Structures are given as structure tokens and as C-alpha cells.
Amino acid sequence: MSRRARLALFGIAACGLAALLLWSITGLPKFGDYHGAYGKILDKAAPRERQTSNVVAAVVFDYRGFDTMGEELILFAAVMGVAMLLREPREEEAPVPEDPVRSDALRAFGVSFAGATLVLGLWIVAHGYVTPGGGFQGGVILAAAFLLVWLAGSYRSYRRLTPVPIVELGEGTGAGGYVVIGLCALLIGDAFLQNLLPYGVAGKLSSGGSIPLLNWASGLEVTAAFVLLFNEFLSERAVLIDPTRRPS
Amino acid sequence: MSYLPFVLAAWIFLVGIFGIVRSRHFIHLVVSLSLTQSSTYVLLLSIGYVKHGGAPIFKDVPLGTKAVDPVVQALTLTDIVVSVTVAALLLAVAIEAKKHAKTMNPDELRPVRG
């Protein structure tokens, strides 16, 4: 199909879709006028029932914890897929190219910023079920701290900081750990992923029962998954910029 | 005015699909797809919004304070994770396409023969 015909066809279809979307919007409750029962119940119940002040975290790691396990395994499978796609044709590791950042100011800023980002990420994960944050959000920030080392330092120091076997171990432990915590509940006779630890007092780091454990498991999984993704894509780049080993 | 956020979500969705349809570059296509997916975040979050409601986080806030819906926020989190994994996989496929077909233009790809 020619480009013009395709765009024309899209124009007609988009007009129809836009009309349908607008029609469906008129059937929605007005903005700010939401009457979903579950959210209201959870807003009242979660802080008391699970001693978790962040209700979103309680939904993610407790009430809907089984879904989150699926979500983690999606991430795990996708990262494995990327690794398999990109590693197979790359027969041997390209020699690590020298590409250090030459500006001292940028290096100093980047390295200190990487440290601060690392602390921020850990803080976001650690307090995820008390204040806004959580394993997923903090994990992405933690991975960004590692990426900063490449951006402001060099590819070589990034690779030295993130050895693939250790990152892979972290990813496996994060994903597997979540499942194992769920299975522990089965072992003591509860339902899968049932919250089995004492709940503590809301607002404290020790609150929430199993939620902190699941939170840290997903934080580890997300950090390692993203670092592994960066590794794979940066290895591709290393092959491309290495003058002696251009891929055929 | 009271429907504006929903209309915005629909608009982002359509603009994203438009970007995919007229794309001439795989990276552009992946970014367009991410944009399309981000319309669902806007839709979910605006559906769960409660007028004058705070965040569903009750640290230093008395229990029973009006708050927005936590369930759709958790769903948005899942949504973002799925969107990132799809983008990562598609970018990996784009690298492979560049290696094998020597092009980043979806129009120039020949049909795959088995």
C-alpha cells in the first residue's frame, strides 16, 4: 500500500475512532466525581488493616500482590528476551573501547551526582510503603545512578562496576525472591502471598508485614533488570564504535 | 471542562497512533508507541481523581481524609512497567533489523520469507 493511501485510510479510521472515543467519554463520570467503591474502602482499610500508610504500596504488594508478581515476571521475561536477541549474534565480547569523558568538571559533577542518585534511590525504595515511592520507582533511580557512571565517567568503569554475572544474579534473586516469599505463606498453611509477618505500627519502617520484603525484592529486580538492559544496549554500541570489529 | 482530561487522553492516543502510521524510523516508531501508551496513564489517573482529594498516603494525615483512588494508581504503575518492557524489546528488534536489513525505515523492510 502506498504511503498516501495508508495515511488516507488512517485519516478515515482515526475520525471514526475519535468519534467513538468522544462518545464513550460522555458516558464516564465527570472528572473528580469518581465513585469506585474499592478505592474508598482501601483508603480506609489499608492503613488500619495492614499498618501501611502508603495505600498504593499496600495495593501493589499486598491486596494485588499476585498481579505484581506477574508484572515482575513480565519485566524479567522481557529483559531475558532483549539479552537473547542481542547476545546471540554478538559471538564474542568486543574489546571494551576507551571513551573516557575528558572534562574534569563533568567527571566530578557526574561522580558526585551518581552517589547522590544512589542514596536517593535507596531512600525511595526503603520508604516506599510509608511515603510516596516503592521498589519499582526506586529501582529505576538506582539503575540511573549506574548509568551516570557511564555518562560522566567511562564505559570501561561502568562495565567494571556492573559485572554481568552479578547483575544477572541480582535479577534472578529479585524475581525469584518475590515468588519464594509467596511460597513461604503456603508453607505455613496460608494462601499464596498472604501477608505473614507482624504488621507493626503504620508510618514506621518496620510496618506492613511482608510488604517491605516484597518491596525490596522488586527494587532489586527492577534495578538489575534496567542495568542489564543498559549493559546489552551499551555492548551493541561498543561493537559499533570499535573500528576493528565492525559487524558485517 | 469536566471532561477535558479524558479528551486529552483520547487526543494523546490518536496522536501516538498517527506517529506510528507515518513513521519513517524505528526509533521514532517506538517513541510514538510509548506516547500512545502514556495516554492510558492520563486516562487511569484522571478517572481515579476525586475533587479536592489528596494522595492516598496517610503518613501524618489523619485517616479518613479525602483521597484519590489508590487502585488506578497501582494499575498505572503496572502500565508503566509494561510500556517500558515493550519499548526495550522493540528497540532490541530495531537493532536486529538494522543489522540484517541495513535500514531503520519500516517501509523499506521486505516481507519475511520463511
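**Figure 1. A:A46 in its surroundings within helix α2 of chain A.** This close-up of a predicted model starts with an alanine, A:A46, that belongs to helix α2 of chain A. A:A46 has 26 other C-beta atoms within 10 Å; the cut-off for a buried residue is 20 or more, so A:A46 counts as buried. Setting aside neighbours within four places in sequence, the contacts of A:A46 are A:T52, A:V55 and A:A58. Two of these partners, A:V55 and A:A58, are listed among the buried residues of α3(A). Do look for A:G208 as well: 162 residues separate A:G208 from A:A46 in sequence, yet their C-alpha atoms are 9.6 Å apart in space.

**Figure 2. Helix α3 of chain A, residues 55-63, is largely enclosed.** How many of the nine residues of this helix are buried? Nine of the nine are, so the rest of the structure largely encloses α3(A). Follow the helix along and you meet A:V55, A:V56, A:A57, A:A58, A:V59, A:V60, A:F61, A:D62 and A:Y63, the buried residues of α3(A). For the chain as a whole, 38% of the 248 residues of chain A count as buried.

**Figure 3. Helices α5 and α6 of chain A, packed together.** Here helix α5 (residues 104-126) and helix α6 (residues 135-152) of chain A bring their axes within 8 Å, with a crossing angle of roughly 165 degrees. That angle makes α5(A) roughly antiparallel to α6(A). The crossing of α5(A) past α6(A) is left-handed. By residue type, this contact is made up of 18 nonpolar, seven polar and one charged.

**Figure 4. Helices α1 and α2 of chain B, packed together.** In chain B, helix α1 (residues 4-21) and helix α2 (residues 26-47) pack at about 165 degrees, and their axes are 8 Å apart. This makes α1(B) roughly antiparallel to α2(B), and the crossing of the pair is left-handed. On the α1(B) side, the residues to pick out include B:F6, B:I12, B:F13 and B:I20. Facing them from α2(B) are residues including B:L29, B:L33, B:L35 and B:V42. The contact of α1(B) with α2(B) holds 14 nonpolar residues, seven polar and no charged.

**Figure 5. The side of chain A that touches chain B.** In this view, 49 residues of chain A are in contact with 44 residues of chain B. Which helices of chain A each supply at least two residues to this side? They are α1 (3-26), α2 (37-49), α3, α4 (65-87) and α9 (211-241). The helix that gives the most is α1(A), with ten residues. Sorted by type, the residues of this side of chain A are 30 nonpolar, eight polar and eleven charged. Helix α2 is also the home of A:A46 from the opening view.

**Figure 6. Chain A as the setting for the close-ups.** Stepping back, you will find nine helices and zero strands in chain A. The C-alpha trace of chain A spans about 65 × 55 × 40 Å along its principal axes. With a radius of gyration of 23 Å, well over the 18 Å that the globule rule gives for 248 residues, chain A is more spread out than a compact globule. Among the contacts in chain A with a separation of 6 or more, 72% come from residues 24 or more positions apart.

Conventions: Residues are numbered from 1 along each chain as its sequence is written. Chains are lettered from A and ligands numbered from 1 in the order in which they are written. This is a predicted model: local features need pLDDT of at least 70, side-chain atom pairs count only at pLDDT 80 or more; totals for chains, interfaces and linings use all residues. A residue is buried if 20 or more other C-beta atoms lie within 10 Å of its own, exposed if 12 or fewer, and partly exposed in between; C-beta atoms are placed from the backbone. Helices (H or I, at least four residues) and strands (E, at least two) are DSSP runs, numbered from the N terminus. Two residues are in contact if their C-beta atoms, placed from the backbone, lie within 7 Å. Ala, Val, Leu, Ile, Met, Phe, Trp, Tyr, Cys and Pro count as nonpolar, Asp, Glu, Lys and Arg as charged, and the others, Gly among them, as polar. Axes are lines fitted to C-alpha atoms, for helices over the stretch in contact, and angles run from 0 to 180 degrees between N-to-C directions. Angles under 35 degrees count as roughly parallel, over 145 as roughly antiparallel, 65 to 115 as roughly perpendicular and the rest as oblique. A crossing is left-handed if the near helix is turned anticlockwise from the far one by less than a right angle, and right-handed if clockwise. The radius of gyration is taken over C-alpha atoms; the globule rule is 2.2 Å times the number of residues to the power 0.38.
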